[in-house]
Amino acid sequence: QTWLEGEFISTVQKRAAAINDARKLSSALSAAHAITDHIRDWVRGTPEGSAVSMPVASDGSYDIPEGLIYSFPVTCKNGDWEIVQGLDIPEFSRAKLPITQDELISEKDTPFTVLASSS
């Protein structure tokens, strides 16, 4: 638990730099790979009984505002995705959800703020 709440989170937050250092390449290749994985799962479907983490528009699940693009556990079938409901999320992880939500909202609003101030 200590590793999960400390070193793991720190490593994930610095993953782009770590990929650049390890591969001597841009993290764009890693992002491209993730995109192809998502498309594969979306089009071909997820194996029965399994879910993947995918950024999709929130339907209000897990108290994330409706319409916000957020990474949820989803299942895919016939080109459609569905957010997995009812997962027991540990308190430590649940506390991170609104922090991520606020970061995403800020990132979404930043370009509009910049555009509005430059006109």
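Let's start with the aromatic rings: in this predicted model, a search for ring pairs whose centres lie within 6.5 Å gives a count of two aromatic pairs. A pair of aromatic rings is described by the distance of the centres and the angle of the planes, and both numbers are worth a look here.

Take tyrosine 62 and phenylalanine 72. Their ring centres are 6.4 Å apart and their planes meet at 35°, so this pair is tilted. Tyrosine 62 sits in the loop between strand 1 (52-57) and strand 2 (69-77), while phenylalanine 72 belongs to strand 2, so the pair ties together parts that are ten residues apart in sequence. Buried or exposed, where does tyrosine 62 fall? Its relative accessibility is 14%, and because the cut-off for buried is under 20%, tyrosine 62 counts as buried. Phenylalanine 72 is buried as well, with a relative accessible area of 2%.

The other pair joins phenylalanine 72 to tyrosine 70: here the centres are 5.4 Å apart and the planes are at 50°, so this pair is tilted too. Tyrosine 70 has a relative accessibility of 6% and therefore counts as buried. Put the pairs together and you have one aromatic cluster, formed by Tyr62, Tyr70 and Phe72.

Now let's step back to the whole fold. The protein chain has four helices and three strands, and from the N terminus on these elements run α-α-α-β-β-β-α. Of the 119 residues in the chain, 15% are buried. The accessible surface comes to about 8800 Å², and carbon and sulfur atoms account for 59% of that area. If you like contact maps, consider the contacts between residues at least 6 apart in sequence: 39% of them join residues at least 24 apart.

With that overview in mind, let's return to the strands, beginning with strand 1. Proline 55 lies in this strand, and at 46% relative accessibility it counts as partly exposed. Which residues does proline 55 touch, once those up to four places away in sequence are set aside? The answer is His38, Ile69, Tyr70 and Ser71. Tyr70 brings us back to the aromatic cluster, where it appears with Tyr62 and Phe72. As for Ile69, proline 55 and isoleucine 69 are separated by 14 residues in sequence, yet their C-alpha atoms are 5.9 Å apart in space.

Next come strand 2 and strand 3 (residues 80-83), which pair in the antiparallel sense over four bridges. One position you can look up in the model is cysteine 76, whose bridge partner in strand 3 is tryptophan 81. The hairpin of these strands has two residues between them, and asparagine 78 takes a positive phi near 55° there. Asparagine 78 has this positive phi although it is not a glycine. It is exposed, with a relative accessible area of 69%.

Where else does a residue that is not a glycine take a positive phi? Aspartate 63 does so, at about 65°. This aspartate is found in the loop between strand 1 and strand 2, the loop that also holds tyrosine 62. Whereas tyrosine 62 is buried, aspartate 63 is exposed, with a relative accessible area of 65%.

Moving to the stretch that leads into strand 1, we meet threonine 46 in the loop between helix 3 and strand 1. Threonine 46 is buried, with a relative accessible area of 13%. Which residues does threonine 46 contact, leaving aside its neighbours within four places in sequence? They are Asp41, Val52, Val74, Thr75 and Cys76. Cys76 is the residue just described as the bridge partner of tryptophan 81.

Tryptophan 81 also leads us to the outside of the molecule. Ile35, Ile39, Trp42, Val43 and Trp81 make a nonpolar surface patch of about 490 Å². Which element gives the most to this patch? Helix 3 (residues 28-44) does, with four residues, and isoleucine 35 is found in that helix.

Definitions and conventions:
Residues numbered from 1 in each chain as written. Predicted model: local features only at pLDDT ≥ 70, side-chain atom pairs only at ≥ 80, totals over all residues. Heavy atoms only, no water. Patch = residues over 30% accessible without salt bridge, like charges linked within 9 Å, V, L, I, M, F, W, Y side chains within 5 Å. Areas by Shrake-Rupley, 256 points an atom, 1.4 Å probe, with all protein chains shown as cover. Salt bridge = Lys/Arg side-chain N within 4 Å of Asp/Glu carboxyl O. Phe/Tyr/Trp six-rings, centres within 6.5 Å; stacked < 30°, edge-to-face > 60°. Buried < 20%, exposed > 50% of the residue type's maximum accessible area, 1.4 Å probe, protein only. Contact = heavy atoms within 4.5 Å. Pairing = 2+ DSSP bridges.
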